[in-house]
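Reader: Hi! I'd like to go through the charged side chains in this one with you. Can we start with the basics?

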Amino acid sequence: MNQPLFLKGVFKEKIWGGKKLKTLFNYDIPSDNTGELWAISAHKNGASTVLNGPYEGKELDELWANHKELFGDAEGDVFPLLTKIIDAQTDLSVQVHPDDVYGKMHENELGKTECWYIIDAEEGSEIVYGHHAQSKEELVELINNGQWDKLLRKKEVKAGDFFYVPSGTIHAIGGGIVILETQQSSDTTYRVYDYDRIQDNGETRDLHIEDSVAVTSIPHTDPNLEMTTINKENHSETILVSNSFFTVKEWKIDGHALFKKEGPYTLVSVLNGEGTLNVNNESYAVSKGDHFILPHSIESWSFNGALHVIASYPGNN
């Protein structure tokens, strides 16, 4: 397979969603409360569909199950990564995710370590990133008493910021923020607090306090990210994070830029610009909002144009 796999993702409507996936990316969204595009996904709750080539019309989970050669004969029952674009018109719930051990034991799926690249942020927008509790007892007390201002750590964000969110991190994306999220392929979320919001059915959403307390890392410590930028011919490459779960890179391309495979396969999302992707003497038009996978057999490729890209590949977890 010497072609990229261009993908059509799955939209998810959310109580906190908006319409920026339309206004920023010109996607044909289902409503003005569209919160997520699962852009590169093989998850059972929303698998991407291949748009081109011999596997056109196939879903990514089917390729993972039946054509492991596309992914370097990778082990594992599930495709390990999931790429989303999230539009938070209003605040997401304060939440936390389990690690692999807890996730497999209690939810029969992977844990959920993730990271966020801030695509767009309204002035003054904030995220919740961590907490101030120094013990499990203090965490429980602050939750039970609703002392959210005392418990939660908040950070103001701007476009271009990047955050690594390991499992066990209490977090929330604030209103007015659009992100590209690279995560383990999991749909497990434990809600700690949801602002007492009422859904269309007149009820509040479920909270998961017992599970949340069980999986939260105490005390919170900020990950030590050592992001490095390398300037190459006609492009720069910033390694945003690299660990056993995933490596995530930012490419800023201006002109003709050459790349070589580093992971078993590469997930690519175009955040801005337009140009061509050149693979094995074939050219493919690419532009803002495109998502694709470069399969294992593609050893090198190039771009021509002005492009801002987030790329990732799985670690050895």
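Author: Happy to! A salt bridge is a side-chain nitrogen of Lys or Arg within 4 Å of a carboxyl oxygen of Asp or Glu. This is a predicted model, in which local features need pLDDT of at least 70 and side-chain atom pairs count only at pLDDT 80 or more, while totals for chains, interfaces and linings use all residues. Residues are numbered from 1 along each chain as its sequence is written, and side-chain values use heavy atoms, leaving out hydrogens and water.

Reader: Cool, how many salt bridges does the rule give?

Author: The count comes to 16. Some link up: K232, E237, K249 and E262 form a network of salt bridges.

Reader: And what about E181 and K84?

Author: Their side chains meet in a salt bridge at 4.0 Å, N to O. E181 lies in strand 14 (residues 177-184) and K84 in strand 7 (residues 81-88), so the pair ties together parts 97 residues apart in sequence. Strands here are DSSP runs of E, at least two residues, and helices are runs of H or I, at least four, numbered from the N terminus.

Reader: Is E181 buried or exposed?

Author: Buried, with a relative accessible area of 2%. Buried means under 20%, exposed over 50%, and partly exposed in between (1.4 Å probe, protein chains only). K84 is also buried, at 2%.

Reader: Switching topic: which salt bridge does E62 make?

Author: E62 pairs with K58 at 3.5 Å, N to O. E62 is partly exposed at 31%, and K58 is partly exposed at 34%.
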